[in-house]
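Hi everyone, thanks for making time this morning. I'd like to walk you through one chain, so let me put it up on the screen.

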Amino acid sequence: MIERIVAEQVRAHLVECDLMPPVQSAYREGHSTETAVLKVISDIIDAADSQKITLLGLLDMSTAFDTVDHKILLLCLEESFSVRSQALQWLSSFLTDRTQAAAFAGSISTPQMLACGVPQGSVLGPCCSTSILRMYWRLR
């Protein structure tokens with residue numbers, strides 16, 4: 001429940017401070033994969049009408065969140081998104097001191113601490129990470 005409340009507050013902050021890219025369709029009210037495809041098709045048609053060459057490059061970001069360093073992500077949240085004090089502390093506690101282990105054939109490996117990645121299966125992880133990840137890459 002707390003994750004849902006925080007996710008909505010982060011989403012509202014990103015919209016209010018105009019921190020989401022204008023063409024981002026994921027996790028935005030009134031946007032979907034359909035609106036994203038329509039935008040791409042519209043741009044292709046406009047380019048063809050202007051007799052311009054069109055090149056479409058696609059990037060699979062399905063596991064991109066697994067590479068986000070927690071310390072750098074928290075620094076970006078603070079410096080670029082103005083997330084501070086208790087909100088930043090809560091997000092820090094959400095990301096840090098997490099472990100993962102692998103299970104196979106009834107055996108479980110020794111848990112290992114995670115220094116990067118967004119918790120899988122969480123409400124908060126994917127909803128805000130797209131914009132944060134874009135800002136993270138832009139700052140690097």
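I'll start with the overall fold, then turn to confidence, and finish with a patch on the surface.

First, please keep in mind that this is a predicted model. The chain has 5 helices and 4 strands. If you follow the sequence along, the order reads α-α-α-α-β-β-β-β-α, so the four strands come in a row, with helices before and after them.

Now, how much of the chain is buried? Of its 140 residues, 27% fall in that class. As for the surface, about 10,000 Å² is exposed, and carbon and sulfur atoms supply 57% of that. Let's look at contacts too: taking those between residues at least 6 apart in sequence, 60% join residues at least 24 apart.

On to confidence. The mean pLDDT for the chain is 79, and 80% of the residues score at least 70. Which elements sit at the two ends of the scale? Strand 3, residues 107-108, has the highest mean at 96, while helix 5, residues 124-139, has the lowest at 56. Where pLDDT is low, the predicted coordinates should not be read in detail. Please bear that in mind when you look at helix 5, with its mean of 56.

Last, the patch. V40, I44, L56 and L58 together make a nonpolar surface patch of about 380 Å². One of these residues, V40, belongs to helix 2, which spans residues 33-49. Why can V40 count towards a patch? Because its relative accessible area is 34%, and patch residues need over 30%. That makes V40 partly exposed.

That's my tour; over to you for questions.

Methods:
Residues are numbered from 1 along each chain as its sequence is written. This is a predicted model: local features need pLDDT of at least 70, side-chain atom pairs count only at pLDDT 80 or more; totals for chains, interfaces and linings use all residues. Side-chain values use heavy atoms; hydrogens and water are left out. Patches are made of residues with over 30% relative accessible area and no salt bridge: like charges are joined within 9 Å, nonpolar side chains (Val, Leu, Ile, Met, Phe, Trp, Tyr) within 5 Å. Accessible areas come from the Shrake-Rupley method with a 1.4 Å probe; for residues, only the protein chains shown count as cover. A salt bridge is a side-chain nitrogen of Lys or Arg within 4 Å of a carboxyl oxygen of Asp or Glu. Buried means under 20% relative accessible area, exposed over 50%, partly exposed in between (1.4 Å probe, protein chains only). Contact means heavy atoms within 4.5 Å. pLDDT is the predictor's confidence in each residue, from 0 to 100.
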